[in-house]
Amino acid sequence: CMVITARLHCGLDLLKDPMSLTSTPSSVVTAEPFSTDEFRSALGQFATGVTIVTARDAQGHLVGLTANSFSSVSLTPPLVLWCLSSKSSALAGFQSATHYAINVLAADQRLLAERFARKGIDRFEGTPWRPGLTGSPVIDGAVAVFECSHHQLMEAGDHIVLVGRVEHVRRRVGANPLVFHGSRFFSDLST
């Protein structure tokens, strides 16, 4: 419809010349350099859910951290991904684990998100959790949980992308998620 509308109303024939709506070479805009802080601030404009990713490393020690770089990849097979800094002290633990759980936090779990984002503390102390079906820690009260095995790990810039094959999934019907936007948490989605 849009092609026909543009053709009829603008006198352009996009079917013959699809480039007729693009800029001419004399009006090409060159990208200006930007700083890491500017890039981070721009990325902060994208609202995300908040997760705590948890696992047991090869020695059975608990490992977990807050992550908002989570996304679906595929329905068949069921794949999800998340990203971890290649400098993270938790990287070796996640790499050695056979499974991990991605716990999507509920609106009332902001303090847990902040706790699992801190360094130098026992993040699991006082945290309500239980072993999931794969043995990975599952956070009580999460909106959804994806228990995964490693499907693929790949380097991407200063991060490692972990693609997980979902083996078990559960969700809490009617629960509101915790949201992160502009370096702030939001729990009330009605405003």
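A nonpolar core is taken here as a set of buried Ala, Val, Leu, Ile, Met, Phe, Trp, Tyr and Cys residues joined through side-chain atoms within 4.5 Å. In this predicted model, the largest such core has 24 residues, and the members touching the most others are Trp82, Phe94, Tyr100 and Ile102. Plenty of elements chip in: strand 2 (51-56), strand 3 (62-67), strand 5 (79-85), helix 3 (91-96), strand 6 (99-104), strand 9 (144-156) and strand 10 (159-171) each supply at least two residues. Another core, of 9 residues, lies apart from the largest one, and its members include Ile52, Leu105, Phe116 and Ile139. As background, nonpolar side chains in soluble globular proteins tend to be buried together.

Now for the overall makeup. The protein holds 4 helices and 12 strands. Of its 191 residues, 33% are buried. Contacts reach well along the chain: among those between residues at least 6 apart in sequence, 61% join residues at least 24 apart.

Next comes the sheet. It is an open one, built from 7 strands in the order 3-2-6-9-10-5-4, with antiparallel pairing. Strand 3 and strand 4 (70-74) sit at the edges, each pairing on one side only. From one strand to the next, the twist averages 35°. Starting from the strand 3 edge, strand 2 and strand 3 are held in antiparallel register by 6 bridges, with isoleucine 52 opposite threonine 66 of strand 3. Helix 4 packs on the sheet here, touching strand 2 and strand 3, and its direction makes about 115° with that of strand 3.

Helix 4 itself spans residues 110-117, and its buried residues include Leu112, Ala113 and Phe116. These three lie on the same side of helix 4, because they cover an arc of only 105° around the axis. Phe116 also turns up in the 9-residue core, as does Ile52.

Further into the strand order sits strand 6. On one side, strand 6 pairs with strand 2 over 5 antiparallel bridges, and valine 53 stands opposite isoleucine 102. Strand 6 is also joined to strand 9, again antiparallel, by 6 bridges; in that pairing valine 104 stands opposite alanine 144. How many residues of strand 6 are buried? The count is 6 of the 6, so strand 6 is largely enclosed by the rest of the structure. Both of its faces are covered, with His99, Ala101 and Asn103 buried on one side and Tyr100, Ile102 and Val104 buried on the other. Tyr100 and Ile102 are also two of the best-connected residues of the largest core, in that they are among those touching the most other members.

The aromatic rings tell a related story. There are 5 aromatic pairs in the structure. One of them, phenylalanine 70 with phenylalanine 146, is tilted, at 5.5 Å centre to centre and 40° between the planes. This pair links distant parts of the chain, since phenylalanine 70 belongs to strand 4 and phenylalanine 146 to strand 9, 76 residues apart. The two partners differ in exposure: phenylalanine 70 is partly exposed, at 26% relative accessible area, whereas phenylalanine 146 is buried, at 18%.

Tryptophan 82 and tyrosine 100 form an edge-to-face pair, because their ring centres are 5.8 Å apart and their planes stand at 70°, the edge-to-face class being set at over 60 degrees. Tryptophan 82 lies in strand 5 and tyrosine 100 in strand 6, so the pair ties together parts that are 18 residues apart in sequence. Both tryptophan 82 and tyrosine 100 are buried. Ring pairs also bring in Phe94, making a cluster of Trp82, Phe94 and Tyr100.

Last, a look at valine 138, which is found in strand 8 (residues 137-139). Is valine 138 buried or exposed? Its relative accessibility is 1%, so valine 138 counts as buried, the cut-off for that label being under 20%. Leaving aside residues up to four places away in sequence, valine 138 touches Asn103, Pro128, Trp129, Arg130, Gly132, Val145, Glu147 and Arg170. One of these contacts, Asn103, is among the buried residues of strand 6. The C-alpha atoms of valine 138 and tyrosine 100 are separated by 9.2 Å, with their positions 38 residues apart along the chain.

Conventions
Residues are numbered from 1 along each chain as its sequence is written. This is a predicted model: local features need pLDDT of at least 70, side-chain atom pairs count only at pLDDT 80 or more; totals for chains, interfaces and linings use all residues. Side-chain values use heavy atoms; hydrogens and water are left out. Buried means under 20% relative accessible area, exposed over 50%, partly exposed in between (1.4 Å probe, protein chains only). The arc is that of the directions from the helix axis to the C-beta atoms. Two strands pair if DSSP finds at least two bridges between them. Axes are lines fitted to C-alpha atoms, for helices over the stretch in contact, and angles run from 0 to 180 degrees between N-to-C directions. Contact means heavy atoms within 4.5 Å. Rings of Phe, Tyr and Trp (its six-membered ring) pair if their centres lie within 6.5 Å; planes under 30 degrees apart count as stacked, over 60 as edge-to-face and the rest as tilted.
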